[in-house]
Amino acid sequence: MFTLTAREKTLDLSRPVVMGILNVTPDSFSDGGQFAAFERACEHADQLVTEGAAIIDIGGESTRPGAAEVSLDEEISRVIPLVEYVSKTHDVWVSVDTSKAGVMSEAAKAGAHLINDVRALMEPGALEAAAVSGLAVCLMHMQGQPRTMQQNPEYDNLIEDVCTFFEHRIAACVDAGIPRAQIILDPGFGFGKTVSHNYELLARFAEFERFGLPLLAGLSRKSMLGNLLGRDATSRLAGSLAGALLSAQQGANIIRVHDVAETIDVLKVLEATREYKHL
């Protein structure tokens, strides 16, 4: 099974682990920016770790459709103090959710272990910054850009199109000096996909195991759940837990969620059941 190492800290992925989401944006789609203030964000990070998160994913720019762009300086001011706080306070991996090379470099200096990029290191300087950092990287698939990604997304063959994208981005990373063993793949639920596309991704998630790399699933509170269930972002816990369980059963190694404690419970039930699968 998979292990990742960064800053001499190893992340064991022999069973699924939970990545807790810590958005420090005033316009986040799912928490309305309620953790934007530094003190409250620190308290929320403490809570996520107490509940069992193995990774804290810190983001300072919303990627919801139509979200306003954030300057480099503003994103650094939002994210880096929290990267420093979590890395110095807790024995967990710290992930920085960004596409900006400047934020990646500053996060690496501040103690981050993982760069989680919805644009798969395609922004100017991102690939080089990630390679120099020596950190693990998560490459997400997205069709288009956040402002326009939900305007009639189309695929010839959804799974094969996403796999082709991953092949190209993995090759670019390796060519830039990022070890293949330090790469995580995220098919990108909700990023340039219709509701139908998202549920096909979930049903066929295991097909991404062909790359022999860790897989991340992030569908917590997303519109694919709201559109199906008719619920707003604050009322999608049951749907999010169902998605976490299904993706873990399909081979996800990292589950990115808002509701850590509840997801940990679901994964414990799954692991207890798997103990008897060989009988």
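Me: Are the residues on the two faces of β8 buried or exposed, and which residues lie on each side?

Reply: A general idea helps here: in a regular strand the side chains alternate between the two faces of the sheet. In this model, which is predicted, both faces of β8 are covered, with Ile183 and Leu185 buried on one side and Ile184 and Asp186 buried on the other.

Me: Where does β8 stand in the sheet, and in what order do the strands run?

Reply: Strands of a sheet pair through backbone hydrogen bonds, and the pairing may be parallel or antiparallel. Here eight strands make an open sheet with parallel pairing, in the order β8-β7-β6-β5-β4-β3-β10-β9. The strands β8 (183-186) and β9 (216-217) are at the edges and have a single partner strand each, so one side of each is left without a neighbour in the sheet.

Me: How many bridges join β7 and β8, and which residue of β8 does Leu139 stand opposite?

Reply: The parallel pairing of β7 with β8 runs over four bridges, and Leu139 is placed opposite Leu185 in β8. Elsewhere in the sheet, β3 (residues 17-23) and β4 (residues 55-59) are joined in the parallel sense by five bridges, and Ile21 has Asp57 of β4 opposite to it. Helix α5 (residues 158-176) packs on the sheet, where it touches β7 (136-140) and β8, and its direction makes about 150° with that of β7.

Me: Which residues of α5 are buried, and what do they pack against?

Reply: An α-helix has 3.6 residues a turn, so residues three or four places apart point the same way. The buried residues of α5 include Leu158, Val162, Phe165, Phe166, Arg169, Ile170 and Cys173, and the buried residues of this helix pack against α4 (126-133), β7, β8 and α6 (195-203). Just after α5 comes Gly177, whose phi is positive, near 105°.

Me: Which residues touch the most other members of the largest nonpolar core?

Reply: In soluble globular proteins, nonpolar side chains tend to be buried together. The largest nonpolar core here has 70 residues, and those touching the most other members are Ile56, Ile58, Leu121, Leu139, Ile183 and Leu185. Helix α5 gives the most to this core, with nine residues. Another core, of 14 residues, lies apart from it and has Met19, Ile55, Cys138 and Ile184 among its members.

Me: What is Leu185 in contact with, once its neighbours within four places in sequence are left aside?

Reply: Its contacts include Leu139, Phe166 and Ile170, and also Phe211, Leu213, Pro214, Leu215 and Leu216.

Notes. Residues numbered from 1 in each chain as written. Predicted model: local features only at pLDDT ≥ 70, side-chain atom pairs only at ≥ 80, totals over all residues. Heavy atoms only, no water. Pairing = 2+ DSSP bridges. Contact = heavy atoms within 4.5 Å. Axes fitted to C-alpha atoms, helices over the stretch in contact; angles between N-to-C directions. Core = buried A, V, L, I, M, F, W, Y, C linked by side-chain atoms within 4.5 Å. Buried < 20%, exposed > 50% of the residue type's maximum accessible area, 1.4 Å probe, protein only.
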